[in-house]
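Student: Could you take me closely through one part of this model, a single element and what surrounds it? I would like one connected account, with the cut-offs behind each term.

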Amino acid sequence: MTRDELSKLAVLRAMDTISLSEMKAVKLMNRVDTKYIASVDALMEILRRATDDYSVQVVEGVPISSYDTIYFDTIDLEMYHRHHNRVLCRKKVRMRSYLDTGDCFFEIKHKGNKGRVNKKRIQLPISNFDSTSFNNESIEFLEKQTDYQGFDLLPQLRTQFDRITLVNKEKTERLTIDVNLNFENRQTGLIHGMSDVMIIELKQDSSSASMMKSILMDLRIKPQRISKYCLGTVLTNPAAKYNWFKKKLMYIDKIRQQQTFTL
């Protein structure tokens with residue numbers, strides 16, 4: 001489903017809305033994330049069930065936002081392999097462009113051994129996006145937040161997707177639904193698109209009860225440990241180790257083959 005088709009969905013248009021400025025009160029930069037993978041065929045039913053309890057974020061009246069992200073890693077994919085090898089404490093380094101607002105951020109995500117995610121970021125001029133090297137401000141930020149230096153990292157993976165963002169009426173959790181996923185590997189040149197699955201991420205202050213968790217459980221959509229960076233790397237870099245991800249790839253293939261969502 002294209003961005004234009006998504007933005008015209010009656011179920012989205014029927015939801016209460018929240019503006020980008022209002023959403024700043026629900027940043028949840030230090031949070032617990034629960035991720036899911038599902039067929040895009042389930043999208044309408046999820047939104048229908050969420051209508052009364054969630055609002056949808058709109059930017060200039062549109063309930064869909066487009067993202068462009070570049071992940072950085074060492075030449076031997078150290079951050080990727082820490083995730084693959086189930087190391088609890090790990091980081092991701094990325095530069096993200098918010099295409100609808102023209103904003104660009106350099107972001108570093110820390111995941112601790114108790115599962116909490118802490119994100120730090122600085123805003124950069126949009127001209128810095130998609131650069132093969134960091135500017136001085138980015139280098140200073142990187143070296144303050146990690147043990148890496150600027151020359152340690154290379155652009156590894158570019159991800160592009162459209163996002164629907166929901167927030168519960170209590171403003172204690174956010175839900176992002178990423179569709180029209182596209183991965184481009186900057187080192188191998190390989191590209192892989194995934195228009196038939198979506199990645200859902202529930203962001204909370206704590207692992208508390210949630211109406212959305214109940215909705216997804218009722219639809220038999222189970223939590224999955226998944227990373228867009230790792231998934232995209234597996235799909236576009238044949239040299240990357242992926243033993244631990246084999247079951248996830250089989251699970252995704254099963255979803256893609258089902259095509260039609262049924263209760």
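Tutor: Eight of the nine residues of H8 are buried, so this helix is largely enclosed by the rest of the structure; buried here means under 20% relative accessible area, exposed over 50% and partly exposed in between, with a 1.4 Å probe and protein chains only. Helices (H or I, at least four residues) and strands (E, at least two) are DSSP runs, numbered from the N terminus. The model is a predicted one, in which local features need pLDDT of at least 70 and side-chain atom pairs count only at pLDDT 80 or more, while totals for chains, interfaces and linings use all residues. Residues are numbered from 1 along each chain as its sequence is written, and side-chain values use heavy atoms, with hydrogens and water left out.

The buried residues of H8 are Lys228, Tyr229, Cys230, Leu231, Gly232, Thr233, Val234 and Thr236. Ahead of them comes Ser227, placed in the loop between H7 and H8, and Ser227 also counts as buried, at 3% relative accessibility. At the start of H8, a side-chain oxygen of Ser227 comes to within 3.2 Å of the backbone nitrogen of Tyr229, and a polar atom of the Ser227 side chain lies 3.1 Å from the backbone nitrogen of Cys230. A polar contact is a pair of N or O atoms within 3.5 Å; within protein, one must be able to donate a hydrogen and the other to accept it, and residues adjacent in sequence count only if both atoms are side-chain atoms. Leaving aside residues up to four places away in sequence, Ser227 touches Lys35, His83 and Lys92, where contact means heavy atoms within 4.5 Å.

On the other side of H8, Ala240 sits in the loop between H8 and H9. Ala240 is buried, with a relative accessible area of 5%, and, not counting residues up to four places away in sequence, Ala240 touches Leu77, Tyr80 and Thr233, the last of which is among the buried residues of H8.

H8 also borders an enclosed space. A cavity is a set of points, on a 1 Å grid over the protein atoms alone, where a 1.4 Å probe fits but cannot get out, and lining residues have an atom within 4 Å of a point. Grid points are joined across faces, edges and corners, and a volume is the space filled by probe spheres set on the points. By this rule there is one cavity of 30 Å³ or more, and the largest cavity has a volume of about 70 Å³. Its lining is made up of His83, Arg225, Ile226, Ser227, Cys230, Leu231, Val234, Phe245, Lys248 and Leu249. Helix H8 (228–236) and helix H9 (246–258) are the elements that give two or more residues to this lining, and the largest share, three residues, comes from H8. The lining residues divide into six nonpolar, two polar and two charged, with Ala, Val, Leu, Ile, Met, Phe, Trp, Tyr, Cys and Pro counted as nonpolar, Asp, Glu, Lys and Arg as charged, and the others, Gly among them, as polar.

Two residues therefore recur in this account: Ser227, whose side chain reaches the backbone nitrogen of Tyr229 at 3.2 Å and which counts as buried at 3% relative accessibility, and His83, which touches Ser227 and is one of the residues lining the largest cavity.

Notes:
1 Å grid on protein atoms, 1.4 Å probe; cavity = no way out; pocket = protein on both sides within 12 Å on 5 of 7 lines; lining within 4 Å.
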